[in-house]
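Please take a moment with the sequence and the structure shown below, and then follow the paragraphs that come after, which move from one part of the chain to another.

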Amino acid sequence: MLKKITALIAALMLVCIPALAEGALVISGNAMIDGDTVYYSGSIDSVEMGVYRMTATGAGASRLYEGVMTLLEAENGNVLAISYDEPDSEYALVVMNALGEKTIVSEDYVDHAIAADGRFYWGVGSCGIDGSDARVLIDDKEHSYNYYPLAVQDGMYYYLDGAENSESVFFEGIGAPVGARLCRMELKSGAITELASYGAGFLGLQDGYIYYTRNPYWLHAGGKGETYEVSVHGGLSRTYPETLAPAPLVKLPHDDSVSADSHTHTDSKTP
């Protein structure tokens with residue numbers, strides 16, 4: 001997320017402000033940083049939409065692609081993005097190289113991706129940085145948007161799985177899914193292990209440990225027009241990958257209060 005925010009600020013500062021000085025109208029978009037290169041998808045003149053590439057100093061700005069994309073990740077001169085003007089589909093996940101050439105790698109719709117070990121990873125799939133060797137990791141195209149990639153380390157793929165609550169979660173927000181569980185997949189075998197139950201949030205991998213949180217979350221109560229809070233054993237925990245035994249570090253106080261327009265449901269699963 002920080003990489004995306006930094007890239008957008010850089011793109012606006014280095015390209016859009018000079019354009020404004022010349023009387024142009026800047027249309028907001030999104031951006032990514034890849035080393036010393038900034039990629040920006042949007043418009044800098046209120047007329048031509050496209051994907052632009054520039055150096056970190058703002059020099060050499062050029063338009064790579066004549067169309068709008070949602071940029072997800074960039075690595076080694078290649079950009080993983082959602083393209084909205086494919087002839088045979090409403091959208092497609094593509095890898096675009098430094099020449100502006102596209103390779104379709106999936107028709108999944110996602111909002112986040114990472115680059116690791118020479119590959120791009122989105123929720124349910126991955127491909128080589130150049131768009132080759134596209135693979136399905138999780139066979140759940142219907143909920144592809146609800147899987148959130150986190151990290152790849154030592155042959156393990158870490159992600160948040162929000163598929164089960166995707167139809168009833170009260171508020172998705174921006175970024176990682178709400179009411180998701182933390183999982184890891186052994187990439188060689190495809191075996192999946194749940195590391196933390198629903199309400200999980202990933203903090204990172206550090207010194208051989210997996211750090212995560214669990215927090216309450218809100219769901220719709222079917223067709224009743226109600227929402228309710230799922231109360232969990234919340235707090236900060238860490239797990240050693242070899243034993244997978246959770247070790248709570250900080251426990252949050254348990255709140256059993258019930259408001260007038262909601263009720264509380266307790267998820268009794270351990271962290």
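Ile82 belongs to strand β6, in a model that, like everything described here, is predicted. Ile82 has a relative accessible area of 1%, and because the limit for a buried residue is under 20%, Ile82 counts as buried. When neighbours within four places in sequence are set aside, the residues in contact with Ile82 are Val68, Met69, Thr70, Leu72, Tyr91, Ala92, Leu93, Tyr109 and Val110. Asp108 stands 26 residues away from Ile82 along the chain, and the C-alpha atoms of these two residues are separated by 9.1 Å.

One of the contacts of Ile82 is Leu93, and this residue leads on to the nonpolar interior. The largest nonpolar core has 25 residues, and Leu80, Leu93 and Trp122 are those with the most contacts inside it. At least two residues of this core come from each of β6 (78-83), β7 (92-96), β9 (113-116), β10 (119-122), β13 (147-153), β14 (156-161) and β15 (181-186). A second core, separate from the largest, has 13 residues, including Leu64, Ala81, Ala92 and Val94. Leu93 itself, again with neighbours within four places in sequence left aside, is in contact with a set of residues that includes Leu72, Leu80, Ala81, Ile82, Val105, Asp108 and Trp122.

Three of the strands named above also take part in a sheet. This open sheet is formed by four strands in the order β13-β14-β15-β16, with antiparallel pairing. Its edge strands are β13 and β16 (192-196), each of which pairs on one side only, and neighbouring strands are turned against each other by 25 degrees on average when direction is ignored. Within the sheet, β14 and β15 run antiparallel and are joined by six bridges, and Tyr157 has Met185 of β15 opposite it.

Between β13 and β14 there is a loop that holds Asp154. Although Asp154 is not a glycine, its phi is positive, at about 55 degrees. Asp154 has 70% relative accessibility and therefore counts as exposed. Asp133 can be set beside it: Asp133 lies in the loop between β11 (125-128) and β12 (135-136), and Asp133 too has a positive phi of about 55 degrees without being a glycine. With a relative accessibility of 41%, however, Asp133 counts as partly exposed.

Asp154 also appears at a pocket. The second largest pocket is lined by 13 residues, and those nearest its centre are Gln153, Asp154, Tyr158, Pro241 and Glu242. The volume of this pocket is about 210 Å³, and β14 and β17 (200-206) each supply at least two residues of its lining.

From β17 the path continues to β18. These two strands form a hairpin with two residues between them, and Asp207 in the turn has a positive phi of about 55 degrees. Six bridges hold the antiparallel pair β17 and β18 together, and Leu205 has Ile210 in β18 as its bridge partner. β18 also runs antiparallel to strand β21 (residues 235-239), to which five bridges join it, and Thr213 stands opposite Leu236 in β21. Why can strand β18 (residues 209-214) be called largely enclosed by the rest of the structure? The reason is that five of the six residues of β18 are buried.

Technical notes
Residues numbered from 1 in each chain as written. Predicted model: local features only at pLDDT ≥ 70, side-chain atom pairs only at ≥ 80, totals over all residues. Heavy atoms only, no water. Core = buried A, V, L, I, M, F, W, Y, C linked by side-chain atoms within 4.5 Å. Buried < 20%, exposed > 50% of the residue type's maximum accessible area, 1.4 Å probe, protein only. Contact = heavy atoms within 4.5 Å. Pairing = 2+ DSSP bridges. Axes fitted to C-alpha atoms, helices over the stretch in contact; angles between N-to-C directions. 1 Å grid on protein atoms, 1.4 Å probe; cavity = no way out; pocket = protein on both sides within 12 Å on 5 of 7 lines; lining within 4 Å. Points joined across faces, edges and corners; volume = space filled by probe spheres on them.
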